[in-house]
Amino acid sequence: MNTENDEPIVRLDDVHLSFGQTEVLKGINLTVHRGNAVSIIGPSGSGKSTILRCINALVTPQRGRITVDGTRVDQLARENERIALRKRVGIVFQQYNLFPHLTVLENIVLAPTRILGVERREAEKLARELLDKVRLSEKAGAYPGQLSGGQQQRVAIARALAMKPELVLFDEVTSALDPETVGEVLWVIRDLIRDGMTSILVTHEMRFAEEISDTVVFTENGRIIDHGSPEQIFHTFDNPRIRQFVGGLAGGRGPMRGEVI
Ligand SMILES: Nc1ncnc2c1ncn2[C@@H]1O[C@H](COP(=O)(O)OP(=O)(O)OP(=O)(O)O)[C@@H](O)[C@H]1O
Ligand SMILES: [Mg+2]
C-alpha cells in the first residue's frame with residue numbers, strides 16, 4: 001500500500017478563528033481521508049460554513065494549522081497561492097450563482113478554459129461528460145433562468161467538477177431548493193461519493209448524511225463536540241445534544257429523499 005495515500009488529504013489541528021471580538025472556531029480538529037465523505041451537522045451559527053471556508057482559504061484562522069494534500073492552507077500569504085488552492089478544492093454553495101447570460105455548457109466551460117488554460121474542444125468534451133453525469137445532457141444549450149433550482153444546482157456541481165478538484169466542499173446545497181428537487185441533487189452527490197470523490201458536506205439532510213458519510217461530526221458553538229460513524233452518531237452514542245438537535249429538525253431525520261428520480 002502506498003503510505004503517501006494513508007495521509008489524510010485534509011487535516012485541521014486546533015484551528016481558532018475570530019471575526020473581530022467574536023471567536024467563531026474554538027479549536028477545531030478534523031481529518032478527512034482520500035475517497036471519504038465527511039458530513040458536518042450542527043445548529044445554525046455553530047461554525048460549519050466557517051470550517052469549509054477555512055479549508056478553501058476564503059478565511060484564515062488566527063491559530064492552528066490546516067493542511068490540504070501537503071499544502072499549509074493557513075500559511076498562504078498571497079492571493080495567487082489561495083487561488084491555486086481553490087483550483088484543487090471545489091466548493092458548492094446554497095446559492096448556485098451561475099452566470100445568467102451564459103448557457104449551461106458555457107457556465108461549465110468557462111473556468112477550465114480561462115483559469116486552467118484547457119483547450120476549448122477538450123473543455124467542452126468534459127463539460128458534456130459532466131452534464132451526462134448530473135443527468136442534464138439535454139440542457140446544454142439552456143440558460144440558467146430556464147432551469148429549476150435543482151437543475152441549476154446540478155449545473156453548479158458540474159461546474160465545480162470541471163476543475164477536476166481533489167476534493168469538493170458542499171455547503172447546504174439543497175437548503176434553498178423546493179422539496180421536489182432536493183432528491184435529484186442528493187442523487188447526484190450520492191453518485192459522486194460512490195465514485196470516490198472526497199467530499200465534506202454541511203447538510204441538514206440527516207438521512208442523507210447517515211447514508212453517505214464515512215464520518216459525521218457535530219459542531220456546536222465553534223467546537224466539534226462529537227464525531228463518529230453515522231451508526232455511532234445517530235444510534236450508538238446517544239448524545240442527548242445530538243438527539244435533541246436531530247429531533248428538533250422538521251420531521252426528525254425526515255423521509256429518505258432522492259431514492260428515485
Ligand atoms: N464574515 C463574518 N463576519 C463576522 N461574523 C461572521 C462572519 N461569518 C460568520 N460569522 C459568524 O460566525 C458564526 C459562525 O458562522 P457560520 O456561518 O460558520 O455558521 P453555520 O454553522 O454555517 O450556520 P448556518 O447553519 O446558519 O449556516 C456565526 O455567529 C456568524 O454570525
Ligand atoms: Mg452555514
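**Exercise 1.** How many residues of the shell around ligand 1 are nonpolar, how many polar and how many charged?

*Solution.* Before starting, note that this is a predicted model, in which local features need pLDDT of at least 70 and side-chain atom pairs count only at pLDDT 80 or more, while totals for chains, interfaces and linings use all residues. Residues are numbered from 1 along each chain as its sequence is written, chains are lettered from A and ligands numbered from 1 in the order in which they are written, and side-chain values use heavy atoms, with hydrogens and water left out.

Step one is to list the residues near ligand 1 (a heavy atom within 4 Å of it), which are F19, V24, P43, S44, G45, S46, G47, K48, S49, T50 and E172. Step two is to sort them, with Ala, Val, Leu, Ile, Met, Phe, Trp, Tyr, Cys and Pro counted as nonpolar, Asp, Glu, Lys and Arg as charged, and the others, Gly among them, as polar. The shell then divides into three nonpolar, six polar and two charged residues.

**Exercise 2.** Find which side chains make polar contacts (N or O atoms within 3.5 Å) with an oxygen atom of ligand 1, and say how much of the ligand is buried.

*Solution.* The side chain of K48 has an N or O atom 2.7 Å from an oxygen atom of ligand 1, for S49 the distance is 2.9 Å, and for E172 it is 3.4 Å. Taken alone, ligand 1 exposes 640 Å², and the protein buries 56% of that, as found by the Shrake-Rupley method with a 1.4 Å probe. Helix α1 (residues 48–55) gives the largest share of the shell, three residues, where a helix is a DSSP run (H or I) of at least four residues.

**Exercise 3.** Classify two helix pairs by the angle between their axes, which are lines fitted to C-alpha atoms over the stretch in contact, with angles from 0 to 180 degrees between N-to-C directions.

*Solution.* Angles under 35 degrees count as roughly parallel, over 145 as roughly antiparallel, 65 to 115 as roughly perpendicular and the rest as oblique. First, the axes of α3 (residues 104–114) and α4 (residues 120–133) come within 9 Å and cross at roughly 130°, and these helices are therefore oblique to each other. Second, the axes of α5 (residues 149–161) and α6 (residues 179–194) come within 8 Å and cross at roughly 20°, which makes α5 roughly parallel to α6.

Notes
A polar contact is a pair of N or O atoms within 3.5 Å; within protein, one must be able to donate a hydrogen and the other to accept it, and residues adjacent in sequence count only if both atoms are side-chain atoms. Helices (H or I, at least four residues) and strands (E, at least two) are DSSP runs, numbered from the N terminus.
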